[in-house]
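Biologist: I am new to this structure. Please take a close look at a single part for me, the salt bridges, and go on from there to their surroundings.

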Amino acid sequence: MFALKNSYLFSKLDDDQIRRVEAMSRKLSLTDGESLFQVGDQAKRFYLVTKGQIKLNRLSLNGNEKVIEIISPGHTFAEALMFSESPVYPVNASAIGDVELLSFDNRAFLALLRESVDTCFRLMGDMSQRLKRLIKEIDDLTLQSATGRVAGYLWGCWDEQRDRGNVINLNVPKGVLASRLSVKPETFSRILHNFTDQGLIRVNGSAIEIIDAAGLFGHAESAGICGGSLSP
């Protein structure tokens with residue numbers, strides 16, 4: 001089984017509590033595009049991705065998809081809903097590629113939370129960080145250009161793994177990523193093409209080589225999106 005202590009949410013549980021969490025968990029497997037849950041379904045369980053990626057999305061009245069978040073291995077989702085009196089999922093969840101997950105019973109985990117103050121604080125901290133990311137995303141979407149958003153995303157991916165070289169892998173279909181950044185797929189492709197023409201990146205399928213990190217940083221910083229620095 002996936003080592004639960006490698007997940008932020010479970011990292012402070014003792015061995016006995018980990019065994020109890022394992023006992024309340026269920027293994028799930030999904031194929032590409034398969035639905036996990038839909039908007040309005042009763043939220044009785046939360047999830048941990050152990051392989052692949054989960055796409056959280058909503059559909060507009062005209063049927064357009066807006067990707068809310070992409071969940072990668074080692075991360076949990078839908079855990080905040082356990083605190084609602086009559087919880088329902090506010091988004092749709094489906095698989096990107098083949099996915100493996102663990103699901104956990106909300107009521108059983110709530111009982112365990114009453115015994116672990118550290119885990120309560122970790123859950124609160126995780127929800128706080130997600131709230132901050134959502135507020136920042138709202139700022140980015142309302143105040144910044146599409147070019148700045150794409151530059152900020154690429155620079156952020158490179159910054160997180162700069163010690164592993166200059167090639168980043170998008171790992172998700174470009175159409176899904178475009179929706180996540182609230183740009184049209186053709187706009188996303190055009191921005192990548194412009195960055196290539198400027199000598200900032202080189203695109204090879206889903207792999208993107210960062211050629212001029214300073215230039216990419218400049219696009220993101222001028223848009224007010226980049227909060228980091230070029231210093232290691």
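Modeller: One definition comes first: a residue is buried under 20% relative accessible area, exposed over 50% and partly exposed in between, with a 1.4 Å probe and protein chains only. This is a predicted model, so local features need pLDDT of at least 70 and side-chain atom pairs pLDDT 80 or more, while totals for chains, interfaces and linings use all residues. Residues are numbered from 1 along each chain as its sequence is written, and side-chain values use heavy atoms, leaving out hydrogens and water.

Now the salt bridges. How many does the structure hold? There are four (a side-chain nitrogen of Lys or Arg within 4 Å of a carboxyl oxygen of Asp or Glu). Let me take three cases in turn, starting with Glu115.

Glu115 meets Arg20, side chain to side chain, at 2.7 Å from N to O. This salt bridge links distant parts of the chain, 95 residues apart. Glu115 sits in the loop between helix H2 (106-113) and H3, while Arg20 belongs to helix H1. The helices and strands named here are DSSP runs (helices H or I, at least four residues; strands E, at least two), numbered from the N terminus. Is Glu115 buried or exposed? In fact Glu115 falls in between: its relative accessibility is 48%, so it counts as partly exposed. Arg20 is partly exposed too, at 32%.

Next comes Asp105 with Arg45. Their side chains meet in a salt bridge at 4.0 Å, N to O. Again the pair ties distant parts of the chain together, 60 residues apart. Asp105 lies in strand E6 (residues 92-105). Arg45 lies in strand E3 (residues 45-59). How do the partners sit with respect to the surface? Asp105 counts as partly exposed because its relative accessible area is 25%. Arg45 counts as buried because its value is 13%.

The third case is Arg202 with Glu209. The closest N and O atoms of this salt bridge are 2.6 Å apart. Arg202 has a relative accessible area of 47%, so it is partly exposed. Glu209, at 30%, is partly exposed as well. These two residues have a second link. Glu209, in E9, is the bridge partner of Arg202. So the backbone deserves a look next.

E8 pairs with strand E9 (residues 207-210) in the antiparallel sense, over four bridges. Strands count as paired if DSSP finds at least two bridges between them. Val203 also has its opposite number: Ile208 in E9. What connects the two strands? They form a hairpin, with two residues between E8 and E9. Gly205 is in that turn, and its phi is positive, about 65°.

The hairpin belongs to a wider arrangement. Three strands make an open sheet, in the order E7-E9-E8, with antiparallel pairing. Its edge strands are E7 (167-169) and E8 (201-204), each of which pairs on one side only.

Now step into the loops that follow E7. Asn171 lies between E7 and helix H5 (174-180). Its phi is near 65°, a positive value in a residue other than glycine. Asn171 is exposed because its relative accessible area reaches 56%. Further along is Ser182, in the loop between H5 and helix H6 (185-197). What is the phi of Ser182? It is near 60°, again positive in a residue other than glycine. Ser182 counts as partly exposed because its relative accessibility is 33%.

Two more stops bring us back towards the helices of that opening pair. Asn6 comes in the segment before helix H1 (15-24). Asn6 is exposed, with a relative accessible area of 61%. How far is Asn6 from His75 in sequence and in space? They are 69 residues apart along the sequence and 9.5 Å apart in space, C-alpha to C-alpha. Val117, for its part, is in helix H3 (residues 117-143). Val117 counts as exposed because its relative accessible area is 54%.

To return to your request: Glu115 with Arg20 joins a loop to helix H1. Asp105 with Arg45 joins strand E6 to strand E3. Arg202 and Glu209 form a salt bridge and are bridge partners as well.
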